[in-house]
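Q: I am new to this structure and would love a close look at a single part of it. Could you take me through one residue and its surroundings?

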Amino acid sequence: MAKMFSITPETLEVYLGDIAMFQCSIDGIPQPKYSWYKNNVLLKRSNHIKMYTDGFLEITNVRAIDLGKYYCEARNMNTSRRSRPAVLQENTDLESIRKGVAPSFVMKPQDAEVIRGSLLVLHCGANGIDRNDGSPKITWLKGGVELDNSNKTYKIVGTGSLVIPNVQENNNGIYTCRASNMEDSIDAPASVNVLSPPKFKTKPMNAVAQVNSEQMFECDIYGVPPPKIYWMKDGKMIETDDYFKIVDHKNLRILGLLKEDEGMYQCFGKNYLGSIQASAQLVVRPHNDSHPLTPTLTHSPTIPLGLQNLNTDSLPSVPVDLHEVIRAPSFVTLSWKPPTHTGPKDAKIISYSVFWKEKERERERVMNTTSLEATIQHLKPNTVYEFRVQAYNSHGPGKAVVIEVESEEEVRVPSPPRNAIAEAVSPTSIRVKYEPPEEPNGKIKSYKIIYYEVGANKEAAIEVRGLEYVLTNLKQFRDYSFRVEAHNENGAGMSTEEFVAKTKADIPSDSPTNFTLEATSSTSIIVRWEPPPKDHQNGPIVGYKIRFKKKGSRRGKTVTTASNVKFQPLTDLEKGAEYSVRIAALSTLGIGPFTDWLFTKTYDDDLDESHVPGKPSKVRTAAEANSILVRWAPPVDSSKTLVRGYTVTYGKGIPDVMRVKLGPQQRVYKIKNLQPASSYVIKVMATNKIGDGPPIYAHVKTDKESEIDLATPMIPPVGLKTIVLSSQTIVLTWTDSTLSRAQRITDNRYYTVRYSPVYNKKKYRYINSTDLNAHIDHLKPNTQYEFSVKVTKNLRKSTWSMSVVNTTQESAPGGIPRDLTPAPVEGNPLSITLSWQPPPRPNGQLTGYLIFYTTDSHQDDRDWVVHNVDGDKLSSTIKDLTPDTTYFYKMQARNNKGYGPMSPTVVYRTSKADGTGGGLVQVPDLPPDIQQFDFKYKPGRSFLPPDPNEPRGVNKEPNEDENDDSVPTNVMIIIIACVIGVTFCIAVVAVAIVICKKKEYRNKRSSGTYASPAKGKTPKAPTTKDVKPPDLWIHHDQMEMKNLDKSENRESSAPTPAPSQRCGESSKCEDSSLMDMEKRRNSLVGDPSYLSPAPDERYPRSIIRPKPIMISVDPTQPMSRDRLQVRAVPQQNTREKLALLDDDDSCLTDTLDDPYLSRIGYGMYYFEF
């Protein structure tokens, strides 16, 4: 037990009949027990003497026998202490009693810290006798609101002490003891802080994770004072570093897991009331472990790692061209190209894994992505990292490609000052204290304190030299936010996290507003008011004090209300008397200024209630988005008719949906929970015992909903830069001017990126980032985007920054040419004109179109004839067709990045030689009302019509409102079966006809017949000039063929190869650049110049097939020396080339080294001359 009492009883002077209270307190363990003595005689409990276990003595209705000396004795085991004595004596000033005595406290409640679940007693007592011999009335308020006596969580004992038997967290707050009589009222506040030992809100959970992944253990502990949280692994304290991080001062995050990280992790929470702990086990699986992961317990890669026993040919090769795109002190952006080998024929790359670690460090981290770029965040400045990227297909991961990148060096500025705090000194000043930074990186020249009033629109800063500073001229009872940064020779360092302090409260500096008086009867007046302006309250308002007096009287009376009361009736007044009234606001520190006096007169007689009141004289409304404030005036005849209340009804469009009954003194009501931008009808009626009087109406429309952000706006980011990585990805970087020069984020701010195509700014998309960059994916190719950024920190946010614009790269066309339509050329049955519309997604500037056509739908795409059209044209004429022949047409668009998908096939039949017939082919399987060219064509298969059940064009949804005149189900089944049967028969006949036609055509070709004479003309013997040269590619069996002898002289057979050309519609040679493109597109695999098509290219082997080369081999004419002799020999492995060039065919040059010939089978022979 302590040697001295911390609280001792004090001498009191009271009137007989008053109350007396004494207190004593001393520290000791265990808690001492108290006993009281009067004049050295032990006191015992009685009806008017109460003794409390916490050392309080209360004597009610003091009598002369109670006067004397009092002291307390505290006992603790074998130790006892006696306090000094206090004297209870009588006040003999009887004259003051006759005039009335205002209340005065004999015991004020004291601030208390109490453990949750224990007993709390707040003692309060007051004396005073008004002119009506009334004693003070004790009432308790919490937060300015009077406590409800029906609440069972507390009770009032003795003369006015407040008892809370089982204290909980919701009992925290400011309690006010108010003593009032007719003379005046006084308040005494006390703060209650409920202490709580640590208890878990969230416990860490067991987890299973993979090597190189990351794991987060969550641990949330509540306690008052806040407990300190720390972590241990296998009984050893965890020291934080770059891979073991404490997040939000409570959660443990482990980056780049290793097998050695397995173990038992313990979370501890401790304050001076106790400590708790919880454990969780971490199991780390290697890559080749097929044990399933629990997604809810670990943040691990979603890609199955380490699949075993796979054929390496089934796995992808290494990604190509891995390189850095952006390098910064805290992040690196990498880019790469897909592997050249993706696995089996049907295999596709499904994702990539990016691993990184510090060079010569074992701990490695991993992230997964489906794009060809990755941004790795949270790197250390000026550090060499090793990155490796590997691709995955459905069979597993391939080999990884490795690159080393050194992050940029960070500017050497100071780290944040340590242990920065702020504390209120007075209602207008706050002291800020801090310690030097842990890493000054040079000599600290000064510190800068940046602060602002929470809710204000700007910051202020002051530069200081020392480690503390007192800010003055602040506003009373306002929250101020502070952060501190140190400065060295390199500039401003990183700032501390924001910390908040509030100036102390003060008495109100202004009086209540909207103060009014109204006589309601011959003996009562109603007083109404609103609180003082917010800026002048200077602390919580705990009540209002009303003083009133009759005209001609020198002394008035006082009524005190709670802070949540906005009107007060004054009763028991004289009839027909004039009264003056004024009001002031109360805080815990005192009373504010009073209003000016207002005057009103009570009625001479009481009011009549034999009929209903008249309607209110006027009604006024003020609308907001979700509420309407209604004000009204009493009926004109209210001076004679009694009004016992008012009824307010309202609703959307009609007034009687909701009904509210109000008191007779209320003239204002706020209707809440309304819908924005809606029209409401409001009706107000005065009522009494007879019923409701006539109503008065108001039509009001609520406002549109809008955000009101009172938080201090931040400065928006600046220096936005965009880096285009691909056709779908852009990296956006920016600078935050509110950060230090090192641009390191040390608080909980985040950034919101807003972007949209420039042509459509109404459809914005948003992503959040916690760093000074954002990796934006899934953009449209060859599209100009606009980007802007804003920063958010707690409730503060900035406006949008200035915009930056950039365009994504081009990509291969993403759509097919639309509305491919054939049409005949008038007067030319051997030609047709094709027209179309460009693809909906060109993804870049179109450089051309490829039109494929053939007479045999069984052919692969490589065997179709290809016709080139410039990209700025939307129609083209195909010439030199065969009359009365069915052709199949399809096309695709191209740009600088590649080829788009193939359009659906169009079926068209040319006209006969006389110009009759022709047009779209009526395919038997297709309904006649469907366009004949709207069907699906699969390359390498015979032509098939579309599925009759597959919708074409615009899908028409059935209308349920239409009359249902459908055929019965059985009849429909019979009709469908018949249609299918007939269709099948027609298809069989059509196929048979096609086969016969083909066979007849082949027989004609074998017999050398190329054309039949026209009707009415007699065939004549062909001359040398009239003989049509045979197709060298078809009739090569008529030529002499022999093996190529490598030893023979090849001087004449190896001319310099000319670029491959062919003639278009106008019989002019096409540009060689087009053929170079075609060569790239149609090259052989294995050729060094071969460029592999993309895996998703629909027709990787589509080629441009030139028209057949015709060379005369008439055996009837002798071969002269100057005439070209040709013999075909098989091609060997040599790369020798041969040019075919004739004087009469100057537009045709070709080389047998062209991979185009090798791919389609035309380059199988060399020719000797």
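In which strand is the place of E435?

A: Happy to help! This is a predicted model, in which local features need pLDDT of at least 70, side-chain atom pairs count only at pLDDT 80 or more, and totals for chains, interfaces and linings use all residues. Residues are numbered from 1 along each chain as its sequence is written, and side-chain values use heavy atoms, leaving out hydrogens and water.

E435 sits in strand β37, which covers residues 429-435; strands (E, at least two residues) and helices (H or I, at least four) are DSSP runs numbered from the N terminus. With a relative accessible area of 32%, E435 is partly exposed, a class that falls between buried (under 20%) and exposed (over 50%), using a 1.4 Å probe and protein chains only.

Now for its surroundings. Leaving aside neighbours within four places in sequence, E435 is in contact (heavy atoms within 4.5 Å) with P417, R418, N419 and L467. With N419, the side chain of E435 makes a polar contact of 3.1 Å. That term means a pair of N or O atoms within 3.5 Å; within protein, one must be able to donate a hydrogen and the other to accept it, and residues adjacent in sequence count only if both atoms are side-chain atoms. I421 is 14 residues from E435 along the chain, and their C-alpha atoms are 9.7 Å apart.

Stepping back, the protein has four helices and 77 strands. Of its 1169 residues, 42% count as buried.
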